[in-house]
Every structure is written in structure tokens, then in C-alpha cells.
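Welcome! Please take a look at the sequence and the 3D structure below, then work through the exercises at your own pace.

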Amino acid sequence: MDVTIYDVAKAANVSMATVSRVMNGNPNVKPETRKRVQDVIKELNYRPNAVARGLASKKTTTIGVVIPDISDTYYSELTRGIEDVAKMYQYNIILTNSDKKLDKELELINDMSSKQVDGLLFMGDELTQAHRTYFEGLKVPVVLAGLLDGKNEIPSVNIDYGQATYDSMKHLLKAGHRKIGLIMGNMRQLILKKYIIPSAEKALSEYQAEFMSHYLYEGDNSYKSGLEATAVFLNMSPATRPTAIFVLNDEMALGVIHGIQDHGLNVPNDFEVLSFEDTKLTRMVRPTLSSVVQPMYDIGAVSMRLLTKLMRKEEIAETQILLPYRIEFRGSTK
């Protein structure tokens with residue numbers, strides 16, 4: 001039989017209310033009583049029923065997490081940060097995969113309402129008015145992890161994508177490149193439209209290098225689309241094709257490197273390649289991949305901590321948080 005709060009109270013010779021106060025960290029318990037209850041809890045291996053506690057407190061200590069693709073190294077690393085901080089603050093996680101489909105994202109958000117989560121962490125390619133409407137229906141705090149809110153209404157944790165892009169492009173431009181291919185993801189993304197593409201254009205204009213639309217390729221963040229984009233660039237004449245390629249994520253960048261090598265060309269001598277993620281894939285390819293280092297674990301951890309503050313109504317100095325980044329130069333650049 002499962003041990004109940006009644007069993008703990010009886011063994012410790014206290015009321016069930018006292019056991020509850022000890023479990024919830026209430027300071028209004030005598031130290032000797034607290035220790036006696038804690039000793040009994042440990043001896044009986046008591047595990048409180050989260051559902052029963054939720055009915056009493058109207059809190060489930062459960063967090064909903066919606067991610068686009070659990071198999072993506074970026075999101076799996078980010079989720080580790082979420083999980084570690086959730087465990088620290090004694091929250092359980094319901095992890096769901098949206099497959100980057102809007103209808104499924106909205107369905108999952110709605111489903112979180114029926115599960116009575118205390119808060120939601122959301123990751124995706126874009127934030128629509130439909131998302132906002134569904135978030136409002138949840139009536140619990142929401143935090144965006146690795147996703148910007150153009151209206152700065154929903155708390156979020158990111159890096160400065162524009163500055164990171166500008167710094168990356170300037171490195172390639174300083175190396176002498178004037179024809180730089182850009183392999184991006186879904187062009188509806190606010191991060192791309194408002195920050196990454198304009199920052200790339202700014203850097204190019206400062207070096208009198210024109211932004212050429214045929215050097216911009218919309219991929220889907222997959223290895224295959226990296227191969228396909230490379231084929232498009234290599235089909236251009238040697239005089240007009242890019243000499244350096246800036247890629248939105250590591251998986252596509254691996255496709256770029258392999259696509260170049262499949263054509264008998266060399267990275268970085270024929271093409272320099274710079275990515276924008278820095279997952280473990282950057283160290284697994286040869287040559288190793290230069291990349292903007294996004295602190296994926298920290299984005300997840302800080303997002304979860306921000307959510308705990310919102311749920312607990314703690315004081316918050318900033319809700320739009322930008323974490324530091326750096327560029328790690330490896331074998332794919334000179």
C-alpha cells in the first residue's frame with residue numbers, strides 16, 4: 001500500500017496539517033517537530049500525491065513545455081536547462097513536441113489548460129495572434145525560450161541575434177569576402193525578418209558589398225536543405241557564386257560542408273562556413289565548424305527560473321532577457 005500523509009502524521013504523532021506545513025516549507029513549525037516529521041518522511045519513503053496536493057492548493061506544480069522538435073540538438077540541450085531548474089524548484093514537466101505545425105502548437109497549448117499546468121514554456125518558429133489568444137486562455141504565466149515577442153508583452157529569454165549576425169558577417173567581410181551566401185530557416189520568423197537579415201545587410205553595406213537576393217536561401221533547418229542550398233550556390237558560375245556561407249543552424253551547416261566536399265571542393269580554402277548555434281555537431285564534423293555560440297542550456301535554465309518567479313509572484317527586474325554569446329572559430333573558417 002502507498003504511504004499516505006495520514007501514515008506520516010500518525011508515526012510522527014502530529015496532525016496532517018503539520019505534515020503539510022513541513023512539506024511546504026512553512027516556517028511556523030518548531031525545529032524539533034520539523035525534524036521528527038522529516039525523519040518519518042524519509043523512513044517511510046513518503047511521496048506526496050501531486051494530484052491530491054493540487055486539489056488542495058489549486059496548484060499542480062506542473063509546467064507545460066512545448067518544443068518544435070525533440071530530436072533537434074538545439075532544443076534537447078535547451079530542455080536540459082529547463083529540466084534541471086524545474087527539479088531544483090520541485091516542478092514536474094509535461095514535455096510535448098509540436099513538429100513545427102501551428103495547428104498542433106495551438107492544440108498542445110489548449111491541452112495544457114485541461115492538465116491545469118501552473119505555467120508554460122513555449123518554443124517555436126514564430127509567434128502569431130492565435131498563439132497570444134491561446135496563451136490568454138491558459139490564465140497562467142507564459143515564457144518564450146529562444147523566441148522573441150515583437151510586442152515585448154510576453155516574457156522571453158534570447159541572445160542578441162542582430163548583433164551576433166553583424167559580428168559574424170563582419171568577420172567574413174574582414175577576411176575579404178564580398179559574396180556571402182545566407183542559408184536561413186522559415187523567413188516568417190521575427191528573428192530573421194527584424195534582426196538577422198537587416199543586420200547582415202548592414203554589415204554588407206558598410207563594406208560596399210551589395211545584398212543579393214539570389215545569395216539568400218530559405219531552408220528548413222535540416223541537413224538535407226543544407227545540401228540543397230549548397231547545390232544551388234555551386235550551380236552558379238565560379239565568378240558569381242558565394243565564397244563564404246553563413247548558416248542559421250548547425251545541422252544545415254553540416255549539409256553545406258558535405259555538399260562542398262561532395263563536389264571535390266575544400267572548406268575553408270574554397271568556401272568558408274560559419275554557423276549560428278554551436279551544438280555538439282560543430283565538433284563532430286571535419287573540418288570542425290565555426291559557430292556563434294548560443295548558450296542553449298542557459299536559455300532553458302533562465303527561462304525556467306523566470307517562469308518560477310512569475311508563478312510565485314516574485315519581484316522581476318526584466319522580462320525580456322538577452323544572454324551573452326560569443327563566436328567560436330574552428331576549422332571551417334581561416
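Lys313 sits in the loop between helix H13 (296-311) and strand S11 (320-323); helices (H or I, at least four residues) and strands (E, at least two) are DSSP runs, numbered from the N terminus. Before we start, note that this is a predicted model, in which local features need pLDDT of at least 70 and side-chain atom pairs count only at pLDDT 80 or more, while totals for chains, interfaces and linings use all residues. Residues are numbered from 1 along each chain as its sequence is written, and side-chain values use heavy atoms, with hydrogens and water left out.

**Exercise 1. Find out what Lys313 and Asn221 share in their backbone, and whether each is buried or exposed.**

Step 1. Begin with the backbone of Lys313: its phi is positive, about 55°, although Lys313 is not a glycine.

Step 2. Turn to Asn221, in the loop between strand S7 (216-218) and helix H10 (223-234). Asn221 is not a glycine either, and its phi is positive at about 70°.

Step 3. Now check the accessibility, where buried means under 20% relative accessible area, exposed over 50%, and partly exposed in between (1.4 Å probe, protein chains only). Lys313 counts as exposed because its relative accessibility is 72%. Asn221 has 13%, so Asn221 counts as buried.

**Exercise 2. Describe the chain as a whole: its elements, its box and its buried share.**

Step 1. Count the elements: the chain has 13 helices and 12 strands.

Step 2. Take the box along the principal axes: the C-alpha atoms fill roughly 85 × 40 × 35 Å.

Step 3. Look at burial: of the 334 residues in the chain, 49% are buried.

Step 4. Consider contacts, meaning heavy atoms within 4.5 Å. Among the contacts with a separation of 6 or more, 70% are between residues 24 or more positions apart.

**Exercise 3. Locate the cis peptide bonds at Pro268 and Pro287.**

Step 1. For Pro268, the cis bond is the one with Val267, and omega is about 15°. Pro268 belongs to the loop between helix H11 (250-262) and S9.

Step 2. For Pro287, the cis bond comes from Arg286, with omega near -5°. This proline is in the loop between helix H12 (281-284) and strand S10 (290-293).

**Exercise 4. Work out how strand S9 is covered and how S8 and S9 run.**

Step 1. Check the cover: 6 of the 6 residues of S9 are buried, so by the cut-off of under 20% relative accessible area the strand is mostly covered.

Step 2. Look at its partner: strand S8 (residues 244-247) runs parallel to S9, and 3 bridges join them. Two strands pair if DSSP finds at least two bridges between them.

Step 3. Pick out one of the bridges: Ala244 has Glu272 in S9 as its partner.

**Exercise 5. Explore the largest cavity: how much space does it hold, and what lines it?**

Step 1. Fix the term. On a 1 Å grid over the protein atoms alone, a cavity is a set of points where a 1.4 Å probe fits but cannot get out, and lining residues have an atom within 4 Å of a point. Grid points are joined across faces, edges and corners, and a volume is the space filled by probe spheres set on the points.

Step 2. Count and size: the structure has 3 cavities of 30 Å³ or more, and the largest holds about 280 Å³.

Step 3. Find the lining: 18 residues line the largest cavity, and Tyr74, Tyr75, Gln189, Leu248 and Gln294 are the closest to its centre.

Step 4. Trace the elements: helix H5 (73-88), helix H9 (190-206) and strand S9 (272-277) each give at least two lining residues, and H9 has the largest share, with 3.

**Exercise 6. Compare the surroundings of Ser303 and Val117.**

Step 1. Ser303 is in helix H13. Its relative accessibility is 0%, so Ser303 is buried.

Step 2. Beyond its neighbours within four places in sequence, Ser303 is in contact with residues including Leu121, Val143 and Asp298.

Step 3. Val117 is in the loop between H6 and strand S3 (119-122). At 5% relative accessibility, Val117 is buried too.

Step 4. Leaving out residues up to four places away in sequence, Val117 touches several others, among them Thr60, Ile94 and Val140. Ile94 is 23 residues from Val117 in sequence, and their C-alpha atoms are 8.6 Å apart.

Conventions
On a 1 Å grid over the protein atoms alone, a cavity is a set of points where a 1.4 Å probe fits but cannot get out, and a pocket is an open set with protein on both sides within 12 Å along at least five of seven lines; lining residues have an atom within 4 Å of a point.
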